[in-house]
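Biologist: Could you take me through one part of this model at close range? I would love a connected account of how the helices there pack, and of what sits inside them.

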Amino acid sequence: MSFDVEELLRIRNANSGFFGRWTRLAIANGLHELKPSIDALLPLQKEEYSTAIRALISKATTHRKATSRFGVSNYRNAKWATASACECWLQNLALGTEQSKADAGEIIREMMLATH
């Protein structure tokens, strides 16, 4: 299992149950906001895809690091967990194996639906 898939599992598992509801909602919203950008990459040729996904990864990494500057790096924190989930999804799409992409995709779909 890849690092990104393991990290997605940690984020998902840390926010299961009653007390993780608001973080789950934030993560689902963040992933839904990212999805159109990912969908726009699908028709691109390999070189264009690579350039575009690196730009998205850079933006997601900057966002995650910005939350960390405020002392937040906790799986239960909505802002950090959302930024980290988005970054992991993008990194997996860029660098993952077919199996890790399938595994990550399943976790992402589950997190996108986890609104209650």
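Modeller: Happy to! This is a predicted model, and I will start with the contact between helix 1 and helix 5. From helix 1, the residues Val5, Leu8, Leu9, Ile11 and Arg12 take part, and they meet Ser100, Asp103, Ala104, Ile107, Ile108, Glu110 and Met111 of helix 5. Sorted by character, the residues of this contact are eight nonpolar, one polar and three charged. As for geometry, helix 1 covers residues 3-14, and its axis comes within 9 Å of that of helix 5, crossing at roughly 20°. Helix 1 is therefore roughly parallel to helix 5, and the crossing is left-handed.

Now let us turn to the other partner of helix 5. Helix 4 spans residues 78-95 and helix 5 spans residues 98-113; their axes lie 10 Å apart, at an angle of about 150°. Because the limit for roughly antiparallel is an angle over 145 degrees, helix 4 counts as roughly antiparallel to helix 5. Here, too, the crossing of helix 4 with helix 5 is left-handed. The helix 4 side of the contact consists of Ala85, Trp89, Asn92 and Leu93, while helix 5 brings Ser100, Lys101, Ala104, Ile108, Met111 and Met112. Those residues divide into seven nonpolar, two polar and one charged.

You may have spotted some names coming back. Ser100, Ala104, Ile108 and Met111 of helix 5 meet helix 1, and these four also meet helix 4.

Staying with helix 4, let us look at Glu87, which is found in this helix. Glu87 has a relative accessibility of 6%, so this residue counts as buried, the cut-off being under 20%. Beyond its neighbours within four places in sequence, Glu87 is in contact with Ala60, Thr61 and Arg64.

On either side of Glu87 in the sequence are two cysteines worth a look. Cys86 is buried, with 10% relative accessible area, and Cys88 is buried as well, at 3%. What keeps Cys86 from bonding to Cys88? The sulfur of Cys86 has its closest cysteine sulfur in Cys88, 9.5 Å away, which is too far for a bond. Seen from Cys88, the closest cysteine sulfur is that of Cys86, at 9.5 Å, whereas a disulfide needs the two sulfur atoms within 2.5 Å. In keeping with this, the structure holds zero disulfides.

Note on methods:
Residues numbered from 1 in each chain as written. Predicted model: local features only at pLDDT ≥ 70, side-chain atom pairs only at ≥ 80, totals over all residues. Heavy atoms only, no water. Axes fitted to C-alpha atoms, helices over the stretch in contact; angles between N-to-C directions. Helix = DSSP H or I, 4+ residues; strand = E, 2+ residues; numbered from the N terminus. Parallel < 35°, antiparallel > 145°, perpendicular 65-115°, else oblique. Left-handed = near helix turned anticlockwise from the far one by under 90°. Contact = heavy atoms within 4.5 Å. Nonpolar A, V, L, I, M, F, W, Y, C, P; charged D, E, K, R; others polar. Buried < 20%, exposed > 50% of the residue type's maximum accessible area, 1.4 Å probe, protein only.
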